[in-house]
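Student: I am new to this protein and would like a close look at one part of it. Could you walk me through how charged side chains hold onto each other, and what sits beside them?

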Amino acid sequence: EGMIAAMLAILDPGDEVIVFEPFYENYGPDSILTGSTPRYVTLHEPDWSIDPDELRRAVTPRTRGIVVNSPHNPTGKVFDRSELELIADLCREHDLVAFTDEIYEHILYAGEHIPLATLPGMAERTVAVNSMSKTYSVTGWRVGWVIASPELSAGIRKTHDFLTVGAAAPLQQAGAVALAFPDAYYAKLAEDYRVRRDTLVPALEAAGFRVFRPDGAYYVMTDITPLTRDDDVTFARRLILDPGVATVPGSSFYSRPELGRTKVRFAFPKRAETLAAAADRLLKLAPTPA
Ligand SMILES: Cc1ncc(COP(=O)(O)O)c(C=O)c1O
């Protein structure tokens, strides 16, 4: 809601917006609903790095914005300072607005979360989108916030008023309470997810997946080629039936589905016993020693 309100306020039909892929699936459709065109730039495994030349080549005279999601869904990548500086340089050079989705900012296992708006010259050209969903484990509430300069936020406020008028009042009140939680709350949140990650990652490795270890968020992207010649959708369906574990096919995170055909994404916001049961089931996939 924050992202689409910001894009509707800032992008015009005919504009272009850069979206990294794999992506959280809303950004492209959000852009299309504004009449603008998403331009996809691939993050390269194993560390989901940006190729600076590919990024620069994606900028055209019509480019107006870029979406940056860190920590990242679906890969768990946390963009480091040099990557954010590359993006900031491009924004300053071409007068772009950065739409940052920082919803996983507190679910971090390595590195640090650097808000793009804190880089020189970026505060006035960044729209930071955030939410209660992940930080306070209330994913169905759909309550969040957007931080932007007065110039940018004036349009976003008006647009939002015409979209939903406002978020449900009792949920906003709960949000105000949550935002005052002490630092210890956030430390425990990250630690609890770290334990879950450190349960699932070795279990996936033992089962035979090639694992892209996440530094943040609560997803694990995996390469399925050591286990199967099936494509991602066929393999994901098979996993649901036997051994009974649900994943998301990798192709759903790409504009060009072929880029995700050898991948599936696991999510680990689950109870310890559920993850332990999944680990047991996945072991059934492990190739038996000759
Ligand atoms: C990167 C990202 N942004 C936004 C959302 C949704 O946010 P909200 O729950 O505030 O609608 C999700 C949920 O999966 C997400 O992964």
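How many salt bridges does a search of the whole structure find?

Tutor: Happy to help! This is a predicted model, in which local features need pLDDT of at least 70 and side-chain atom pairs count only at pLDDT 80 or more, while totals for chains, interfaces and linings use all residues. Residues are numbered from 1 along each chain as its sequence is written, and side-chain values use heavy atoms, with hydrogens and water left out.

The search finds 17 salt bridges in the whole structure; each is a side-chain nitrogen of Lys or Arg within 4 Å of a carboxyl oxygen of Asp or Glu. Let us follow one of them, between the side chains of E21 and R256, whose N to O distance is 3.4 Å. E21 belongs to strand 1 (residues 16–21), whereas R256 is in the loop between strand 10 (248–249) and strand 11 (263–267), so this pair ties together parts that are 235 residues apart in sequence. (Strands here are DSSP runs of E with at least two residues, helices are runs of H or I with at least four, and both are numbered from the N terminus.)

Now stay with E21 and step forward to P22. The peptide bond joining E21 to P22 is cis, with omega near 5 degrees, and P22 lies in the loop between strand 1 and helix 2 (27–33). Another cis peptide bond runs from D242 to P243, with omega near 20 degrees; P243 is found in the loop between helix 8 (232–241) and strand 10.

One more backbone detail concerns W48. Its phi is positive, near 55 degrees, although W48 is not glycine, and W48 lies in the loop between strand 2 (37–44) and strand 3 (49–50).

Charged residues also turn up at the ligand. In the shell around the ligand are 13 residues, each with a heavy atom within 4 Å of the ligand, and the closest are D101, Y104, S131, S133 and R142. D101 places a polar side-chain atom 2.6 Å from a ligand nitrogen. For K134, a polar side-chain atom is 2.8 Å from a ligand oxygen. R142 has a side-chain N or O atom 2.8 Å from an oxygen atom of the ligand.

Terms used: Polar contact = N/O pair within 3.5 Å; in protein donor to acceptor, adjacent residues only side chain to side chain.
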